[in-house]
Amino acid sequence: MTDRKPMIAVLTGAGISTDSGIPDFRGPQGVWTRDPDAEKLFTYEHYMADPEVRRRSWLARADNAAWAALPNAAHLALAELERAGFPVRIITQNIDGLHQKAGSTPRKVLELHGTMFTVRCMGCGERGTMREALDRVAAGEPDPACLSCGGILKAGTVMFGENLDGETLSQAGAIAKACQVFWAIGTSLTVQPAASLCAIAMTEGAHITIVNAEPTPYDVIADEVVRTPISEAVPQLVRALLAAHGNG
Ligand code: NAD
């Protein structure tokens, strides 16, 4: 037993939020598993070129389960680990804000793929809230344009075909390099560059645990692979860490 707490980097994906009622993309009940055509709604090229894709995309945003979703036991356990004094940094591919809702300190949560709660004009860069944009959709504008320049509005999320924010990505890389413990939770580890953070952490000697129902390409480099459902597995991992460092 030691009281020196390890730095923990946690890479989360859509699978951590399925128990909060938000479907993932590639799991058995995933959005794309059920409707491969849905990929277009999340692809920058299609979104920018096709008003019909944008119309469907706004309707899907309005209907998104994340508006009403609550954090589950996994999000809450990660927030508890931070409260217990562990240096925890969350790098999430999710856009649903559930780590922050669970109580993780917002500046310690890196949103690699942005957030669904803001919008941005692709012409002049002006930002606004998703709520305002969706109010305009509900009032009869199927594809609301920027009120300043008339440009195309888009959610503050990173679509396929768009670059990630450079500063966020370099912070994520630095966290993966510096941590002693790296957990990848609820991600198929097929979306780059997020998935490669596992390899960075492994190269620097971190202890890697992957929690995912299905196999991932990085299972072979993990020290531990856990197939238990995430909302059971993550509280167990957290309890074990707390107990090992005298907080149990
Ligand atoms: P993914 O859909 O590719 O993979 C999710 C993985 O989680 C699957 O392998 C699935 O088997 C596993 N999983 C799902 N529920 C689980 C559970 N309860 N217990 C154990 N395993 C479970 O997700 P990804 O790797 O995050 O990539 C998808 C992309 O889509 C990301 O970029 C993300 O931004 C976005 N996305 C986000 C949300 C969200 O914000 N909640 C939802 C859907 C998609």
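What follows is a short chat about one helix and one sheet.

Student: What kind of model is this, and how are residues numbered?
Tutor: It's a predicted model: local features need pLDDT of at least 70, side-chain atom pairs count only at pLDDT 80 or more, and totals for chains, interfaces and linings use all residues. Residues are numbered from 1 along each chain as its sequence is written.

Student: Why is H3 called a helix?
Tutor: Because a helix here is a DSSP run of H or I with at least four residues, numbered from the N terminus (strands are runs of E with at least two). H3, residues 51–62, has twelve residues, so it passes the cut-off of at least four.

Student: How do you know what span to expect for H3?
Tutor: The rule is 1.5 Å times one less than the number of residues. For H3 that gives 16 Å, and the helix reaches 17 Å from first C-alpha to last, close to the expected value.

Student: What makes a residue of S6 count as buried?
Tutor: It needs 20 or more other C-beta atoms within 10 Å of its own (exposed is 12 or fewer, partly exposed in between; C-beta atoms are placed from the backbone). In S6, residues 153–157, four of five are buried, so the strand is mostly covered.

Student: How do you know that S4 and S6 pair?
Tutor: Pairing takes at least two DSSP bridges between two strands. S4 (114–121) and S6 have four, in the antiparallel sense, including Val119 with Ala155 and Cys121 with Leu153. So they do pair.
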